[in-house]
Amino acid sequence: MRILLIGYGKMGQTIERLALAKGHEIVGALTVNDADRLSSYSADQVDVAIEFTSPDAAVGNMITCFEKKIPVVCGTTGWLQHLPLIKEKCQEHQGTLFYTSNFSVGVNLFFHFNEYVAAKMQQYPEYAVQVKEIHHVHKLDQPSGTALSIADGILKHYPQKHGWINDISQEPELLSVVSEREGEVVGTHIVQYTSENDTFELHHIAHSREGFASGAVLAAEWLPGRHGIFGMTDLLQL
């Protein structure tokens with residue numbers, strides 16, 4: 001498979017190594033300094049693009065891929081306020097997009113069980129629920145996209161809560177999503193239910209970027225031949 005890497009930081013380099021080990025070809029690796037070269041590629045040269053850049057760049061990169069008929073896997077987070085535009089452009093150009101806040105198989109199973117637990121715990125109002133995420137100091141967005149996906153899964157089952165706040169909230173109608181930036185932490189996410197009597201937690205710790213990169217390559221292998229917008233629930237059949 002011919003893969004174009006859009007973004008060549010630590011994640012892009014890890015994806016390159018894993019893709020080459022699986023026999024795929026890297027036809028290009030675009031850095032922030034040569035992102036304008038994306039428009040020079042076409043579907044005749046590229047089977048799928050994998051996009052890991054920044055929130056500011058990702059939207060334009062995805063739209064260019066749609067216009068060029070290149071299926072794109074997007075792992076950039078922090079751009080979902082533009083999702084209506086992305087859906088519109090994907091449909092307009094009959095494009096193909098796979099996006100998720102986290103490509104780790106373990107994290108996506110975490111999402112699945114998070115919703116199951118939230119549906120059960122909502123029946124016990126004596127337990128206060130909170131989300132916490134810890135990442136390395138270089139991470140640009142806050143809260144993490146993964147934390148927001150976790151929060152959305154909880155809010156589905158807590159109709160009395162009207163949204164989240166990136167802080168410890170004293171308002172019962174707001175879900176607290178606490179963010180910490182620490183050293184080189186790859187990614188830790190915790191859902192905590194606390195009562196006067198005990199504390200119950202769901203906890204996921206990423207040990208390396210390998211799990212994210214491996215999931216992105218898996219998505220890239222799955223995507224060609226499909227049209228529309230997909231995510232890990234489609235890939236994992238959750």
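This passage walks through a helix pair, a buried helix face, two cysteines, a buried tyrosine and a few unusual backbone spots in a predicted model.

A good place to start is with two helices that meet far apart in the numbering: H1, covering residues 10–21, and H6, covering residues 210–222. Two packed helices are described by the angle between their axes and the distance between the axes. Here the axes come within 9 Å and cross at roughly 60 degrees. H1 and H6 are therefore oblique to each other, and the crossing is right-handed. On the H1 side, the contact is made by Met 11, Thr 14, Ile 15, Arg 17, Leu 18 and Ala 19. H6 brings Glu 210, Phe 212, Ala 213, Ser 214, Ala 216 and Val 217 to the meeting. Sorted by class, this contact between H1 and H6 has eight nonpolar residues, along with two polar and two charged ones.

Next comes helix H2, made of residues 55–67, whose buried residues are Ala 58, Val 59, Asn 61, Met 62, Ile 63, Thr 64, Cys 65 and Phe 66. What sits over them? The cover for the buried residues of H2 includes strands S1 (2–6), S3 (48–51), S4 (72–74) and S5 (96–99), plus helix H3 (83–92). Just past the end of H2, the backbone does something a little out of the ordinary: Lys 69 takes a positive phi of about 60 degrees.

Cys 65, one of those buried H2 residues, leads on to the matter of disulfides. How many disulfides does the model contain? The count comes to zero. The closest cysteine sulfur to that of Cys 65 belongs to Cys 74, and at 9.3 Å it is too far for a bond, given that a disulfide needs the two sulfur atoms within 2.5 Å. Looked at from the other end, the sulfur of Cys 74 has its closest cysteine partner in Cys 65, again 9.3 Å away and too far for a bond. As for surroundings, Cys 65 is buried, with a relative accessible area of 0%, and Cys 74 is buried too, at 1%.

Another buried residue worth a look is Tyr 193, in strand S9 (residues 187–194). Its relative accessible area is 0%, so Tyr 193 counts as buried, the cut-off being under 20%. Leaving aside residues up to four places away in sequence, Tyr 193 touches Val 117, Ala 118, Met 121, Tyr 127, Ala 128, Val 129, Ile 154, Tyr 158, Asp 198, Thr 199 and Phe 200. One of these, Met 121, is 72 residues from Tyr 193 along the chain, yet their C-alpha atoms are separated by 8.1 Å.

A few more backbone oddities round things off. The peptide bond from Gln 142 to Pro 143 is cis, with omega near 0 degrees. Pro 143 is found in the loop that runs between strand S6 (128–135) and helix H5 (145–155). Two glutamines also show a positive phi. For Gln 94, in the loop between H3 and S5, phi is near 50 degrees. For Gln 237, in the segment after helix H7 (232–236), phi is near 55 degrees. Are these glutamines buried or exposed? Gln 94 is exposed, with a relative accessible area of 62%, and Gln 237 counts as exposed as well, at 72%.

How values were computed: Residues are numbered from 1 along each chain as its sequence is written. This is a predicted model: local features need pLDDT of at least 70, side-chain atom pairs count only at pLDDT 80 or more; totals for chains, interfaces and linings use all residues. Side-chain values use heavy atoms; hydrogens and water are left out. Axes are lines fitted to C-alpha atoms, for helices over the stretch in contact, and angles run from 0 to 180 degrees between N-to-C directions. Helices (H or I, at least four residues) and strands (E, at least two) are DSSP runs, numbered from the N terminus. Angles under 35 degrees count as roughly parallel, over 145 as roughly antiparallel, 65 to 115 as roughly perpendicular and the rest as oblique. A crossing is left-handed if the near helix is turned anticlockwise from the far one by less than a right angle, and right-handed if clockwise. Contact means heavy atoms within 4.5 Å. Ala, Val, Leu, Ile, Met, Phe, Trp, Tyr, Cys and Pro count as nonpolar, Asp, Glu, Lys and Arg as charged, and the others, Gly among them, as polar. Buried means under 20% relative accessible area, exposed over 50%, partly exposed in between (1.4 Å probe, protein chains only).
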